[in-house]
Amino acid sequence: MARSLDGLVLAPVADQSPGQVGTRTRFTYHEDGGRIWAEYTGGDVVRGHLVGTREGDRLDFRYVQLGQDGATSSGHCVSTVVDLPDGRVRLEETWEWESRQGRGTSVVEQLPS
């Protein structure tokens with residue numbers, strides 16, 4: 001199992017469609033006893049939150065966010081935690097909006113210290 005996400009700051013490696021997270025978005029993760037949560041902001045996202053569970057290297061969570069345009073959105077994501085050779089962490093994600101149309105994949109990586 002990859003190391004704990006608690007206190008790690010991660011960012012997407014590529015921009016998504018407008019109104020979604022992008023390379024300027026920062027996620028601050030927390031983890032305790034199989035529970036995970038994070039706050040995120042930046043780019044098109046004014047404020048976002050996610051909450052879910054971790055079982056081994058699999059995360060399963062729901063997310064909600066407020067965009068710069070004032071719209072709120074929510075969805076579901078399943079991620080795999082991967083240890084990178086340089087010691088950082090990567091999340092390989094499959095997500096789907098629940099409040100609007102759309103689904104996809106993304107990758108977020110721990111920012112270098």
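Is tyrosine 40 buried or exposed, and what is its relative accessible area? Tyrosine 40 is buried, at a relative accessible area of 4%. The legends below refer to a predicted model.

**Figure 1. Overall view of the chain in the predicted model.** The chain contains eight strands and zero helices. Read from the N terminus, the order of elements is β-β-β-β-β-β-β-β. The C-alpha atoms occupy a box of roughly 35 × 25 × 20 Å along the principal axes. The radius of gyration is 13 Å, which agrees with the value near 13 Å for a compact globule of 113 residues.

**Figure 2. Burial, surface and contacts of the chain.** Of the 113 residues, 39% are buried. The accessible surface amounts to about 6,200 Å², and carbon and sulfur atoms contribute 49% of that area. Among contacts with a separation of 6 or more, 32% are between residues 24 or more positions apart.

**Figure 3. Close-up of the aromatic pair formed by phenylalanine 27 and tyrosine 40.** Four aromatic pairs are found in a search of the whole structure. One of them joins phenylalanine 27 and tyrosine 40, with the ring centres 4.6 Å apart and 25° between the planes. This pair is classed as stacked because its angle of 25° falls under the limit of 30 degrees. Phenylalanine 27 belongs to strand S2 (residues 26-32) and tyrosine 40 to strand S3 (residues 35-42). The two residues are 13 residues apart, and their pair links distant parts of the chain. Phenylalanine 27 counts as buried because its relative accessibility is 7%, and buried means under 20%. Tyrosine 40, at 4%, is buried too.

**Figure 4. Close-up of the cluster of Phe27, Tyr29 and Tyr40.** The three residues are linked into a cluster by ring pairs. The stacked pair of phenylalanine 27 and tyrosine 40 lies within this group.

**Figure 5. Close-up of tryptophan 95 and tryptophan 97, an edge-to-face pair.** The ring centres of tryptophan 95 and tryptophan 97 are 6.2 Å apart, and the angle between the planes is 70°. The pair counts as edge-to-face because 70° is over the limit of 60 degrees. Both tryptophan 95 and tryptophan 97 are buried.

**Figure 6. Close-up of arginine 100 and the ring of tryptophan 97.** The charged end of arginine 100 sits over this ring, 3.9 Å from the ring centre. Tryptophan 97, a buried residue, also takes part in the edge-to-face pair with tryptophan 95.

Notes:
Residues are numbered from 1 along each chain as its sequence is written. This is a predicted model: local features need pLDDT of at least 70, side-chain atom pairs count only at pLDDT 80 or more; totals for chains, interfaces and linings use all residues. Side-chain values use heavy atoms; hydrogens and water are left out. Rings of Phe, Tyr and Trp (its six-membered ring) pair if their centres lie within 6.5 Å; planes under 30 degrees apart count as stacked, over 60 as edge-to-face and the rest as tilted. Helices (H or I, at least four residues) and strands (E, at least two) are DSSP runs, numbered from the N terminus. Buried means under 20% relative accessible area, exposed over 50%, partly exposed in between (1.4 Å probe, protein chains only). A charge sits over a ring if NZ of Lys or CZ of Arg is within 6 Å of the ring centre and within 35 degrees of the ring normal. The radius of gyration is taken over C-alpha atoms; the globule rule is 2.2 Å times the number of residues to the power 0.38. Contact means heavy atoms within 4.5 Å. Accessible areas come from the Shrake-Rupley method with a 1.4 Å probe; for residues, only the protein chains shown count as cover.
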